[in-house]
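Visitor: Got a minute to walk me through this one? I'd like to start with how far to trust it.

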Amino acid sequence: MADIQISNLVKTYPGGSERATDDVSLQIQDGEFTVLLGPSGCGKTTLLRMIAGLELPDSGSIAIGGRDVTYLPPNKRNLSMVFQSYAVFPHRKVRYNIGFGLRMAKVPAEEIERKVQWAADLLQLGPYLDRLPANLSGGQRQRVAVARAIVMDADVLLMDEPLSNLDALLRLTFRSELKKIVQDLGTTTVYVTHDQSEALSLGDQVAVMRKGRIAQLGDPLDVYDAPADRFVGGFIGSPPMNFMDAAVSHDGGTLVLGEQQLMAPSILRSFAGRDVLLGVRAENVTVRNERSSGDVAATVLVVEPMGSTILLTVEVDGHTLKVQAPPTFRTAPHKTIWLGFAPNTMRVYDRETSMALEAK
Amino acid sequence: MSTPVDTTPIARQKRNRFLLQAACIAVSLFMLIPIYLISLAALSTRDSLNQFPLSLLPTNLSVETLNAFLGSTGIFGALGNSLIVGLGTLLFAAIIGVPAGYAIARYSFKGKDPYQLFLLFTRALPIVVLSVPLARLFLTVDIYDTTYAVILLHTALALPTTILISASVFLSVPIDVEEAARLFGCTPLGAFGRVVLPMALPGLAAASIFTFVMSWNEVLGASILTLDHRTLPAQVLSSLSDSPLAYRFAGGFALVIPSIIFIALMRRYLTNMWGSTIR
């Protein structure tokens with residue numbers, strides 16, 4: 001087990017004009033589960049591959065457990081990894097696959113046998129040890145890949161979208177199983193995904209990446225509740241955060257949304273008279289059929305019952321919003337409903353830079 | 001009341017299936033009939049070959065003709081030479097061609113595309129054009145009229161296909177399996193030997209079939225580069241014009257059989273590789 005220090009990592013692929021990672025720095029504590037989250041092409045996989053030694057950076061440094069590994073080959077880094085495509089060795093039985101890393105490390109045979117058995121029991125692979133991977137289902141193959149990675153006692157466990165090739169139901173069950181396994185192991189883990197629900201549910205800290213840079217690094221709930229910019233708010237959450245153009249009144253006490261007014265969060269006192277971008281999550285909007293004081297009128301466009309909630313697409317002052325209503329709420333398209341915004345759940349962003357506004 | 005069922009599409013499907021089957025049989029017969037005829041002739045007595053009409057069924061089997069052919073001077077040695085040249089070519093082509101194919105598959109380097117094109121240029125030159133200067137060169141370095149000379153020529157001829165086939169074979173081995181081996185403690189060479197090579201073996205076996213059969217059948221270069229140490233086809237060719245009909249059939253038979261046996265042995269690996277897509 002070890003901590004990871006990544007400093008000013010720059011990587012440009014040969015023939016590429018843009019930096020795959022652009023001066024990325026990241027600290028990962030010993031035993032911490034860090035998720036690199038972002039859309040495809042954001043540099044998250046490149047960053048992971050540089051930690052693994054499968055790509056070499058143009059400049060910057062990576063230290064694992066205080067040891068510089070920036071340009072060390074992968075087999076000298078004491079890592080283990082779960083690949084997106086499983087990457088099990090198809091010509092070898094499950095038993096050999098799981099014990100592969102230990103065999104390479106010249107661990108005694110009885111020790112290998114014991115650890116393989118332990119990992120197989122943990123991942124319910126016991127009956128399949130003498131099968132070839134071709135005779136396993138996709139989910140079982142992924143279990144083999146995880147077993148192969150966890151027997152290693154590695155300093156760092158790397159995972160590259162390990163759940164993305166599983167079907168939806170399996171992904172959900174295996175996700176919680178994976179979380180428990182990694183928690184019990186206590187190994188420092190770096191996990192790459194483009195699925196924001198995976199990132200929120202698994203990570204101790206989440207690094208949201210965009211265009212080769214880390215847009216926000218923090219606790220999953222912080223990242224969800226207080227996105228650092230419009231991109232993070234739009235990327236995390238299902239449905240994504242709603243954004244509306246608004247103006248702060250001259251006394252700083254209210255937000256002006258077209259012809260309607262809202263109570264402004266207290267941090268806006270220092271931004272009186274400015275145009276801002278208002279961000280609010282669907283579940284933080286209260287939906288009512290009768291007007292209450294401070295409410296904003298909205299026109300219903302689409303009604304989508306989701307079982308536990310009803311998802312409404314509504315229009316306010318030319319902006320389309322997604323809001324959540326309790327399952328008992330009744331409305332229909334074209335009707336007018338009333339939305340209540342709690343000031344402390346509103347986030348405000350600069351309209352030009354899209355960055356969150358902080359109280360001065 | 002139900003609407004009448006239009007059975008035309010399924011009838012058409014049945015007809016197409018029948019036509020496909022017929023085409024398969026026709027192609028197979030096209031390949032098999034000559035082999036059958038030559039085997040029949042080689043295994044018949046000399047007299048029955050001169051009968052009219054010729055019997056198309058194996059009624060008069062004997063190994064007399066074949067024995068006479070194998071007993072004639074130089075044939076046994078030539079058979080040995082052919083085997084040495086074929087296997088030697090296989091070895092040399094593998095030693096040079098497999099790493100080259102791996103490099104093309106895995107690394108991007110300057111001049112990769114022109115390099116791949118240049119590879120094929122060896123095959124663009126007629127063998128005669130290659131062989132005559134080579135014969136001069138081999139005379140000066142004193143390996144003329146040896147199996148080495150023929151091995152070197154055949155290796156050069158086989159390399160383009162060996163390299164390009166093994167490159168495509170290595171491309172079909174997923175790179176992340178190799179990366180996994182590296183991450184779990186293998187050196188680059190170790191990852192190649194433990195993971196990539198075993199996975200590529202079926203395809204490489206296929207490439208070796210082409211190499212061996214090419215070498216076995218090549219006659220022009222072998223004839224030019226040797227006098228007393230001829231390979232089988234060169235030997236048969238040189239004595240073809242002044243030999244009886246039976247001898248020619250026996251020679252043809254002796255030429256066909258080893259490559260068929262070799263293909264049959266390697267076929268297991270072929271179906272292994274393509275079995276999942278073609279079956």
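Visitor: Where in chain A is confidence lowest, and where is it highest?
Guide: This is a predicted model, and in chain A the lowest confidence falls in strand 13 (residues 260-263), with a mean of 84. The highest is in strand 3 (residues 33-37), at 95.

Visitor: And what's the mean pLDDT of chain A?
Guide: The mean is 90, and 99% of the residues in chain A reach 70 or more.

Visitor: OK, on to strands. In which sense do strand 16 and strand 17 of chain A pair?
Guide: Antiparallel, over 6 bridges. Strand 16 covers residues 296-305 and strand 17 covers residues 310-316. As one register check, Thr299(A) has Glu315(A) as its bridge partner in strand 17.

Visitor: How many residues sit between those two strands of the hairpin?
Guide: There are 4, and Gly307(A) in that turn has a positive phi of about 95°.

Visitor: What about strand 17 and strand 18 of chain A, how many bridges join them?
Guide: 7 bridges, and that pair runs antiparallel too, with strand 18 spanning residues 319-325. Ile310(A) stands opposite Ala325(A) of strand 18. These strands also make a hairpin, with 2 residues between them, where Asp317(A) takes a positive phi near 50°.

Visitor: Switching chains: what does helix 4 of chain B reach from its first C-alpha to its last?
Guide: 45 Å for its 32 residues (75-106), close to the 46 Å expected at 1.5 Å a residue.

Visitor: Where is the kink in helix 4 of chain B centred?
Guide: On Ala94(B), and the kink is about 35°.

Methods
Residues are numbered from 1 along each chain as its sequence is written. Chains are lettered from A and ligands numbered from 1 in the order in which they are written. This is a predicted model: local features need pLDDT of at least 70, side-chain atom pairs count only at pLDDT 80 or more; totals for chains, interfaces and linings use all residues. Two strands pair if DSSP finds at least two bridges between them. pLDDT is the predictor's confidence in each residue, from 0 to 100. The expected span of a helix is 1.5 Å times one less than its number of residues. The bend at a residue is the angle between axes fitted to the seven residues ending there and the seven starting there.
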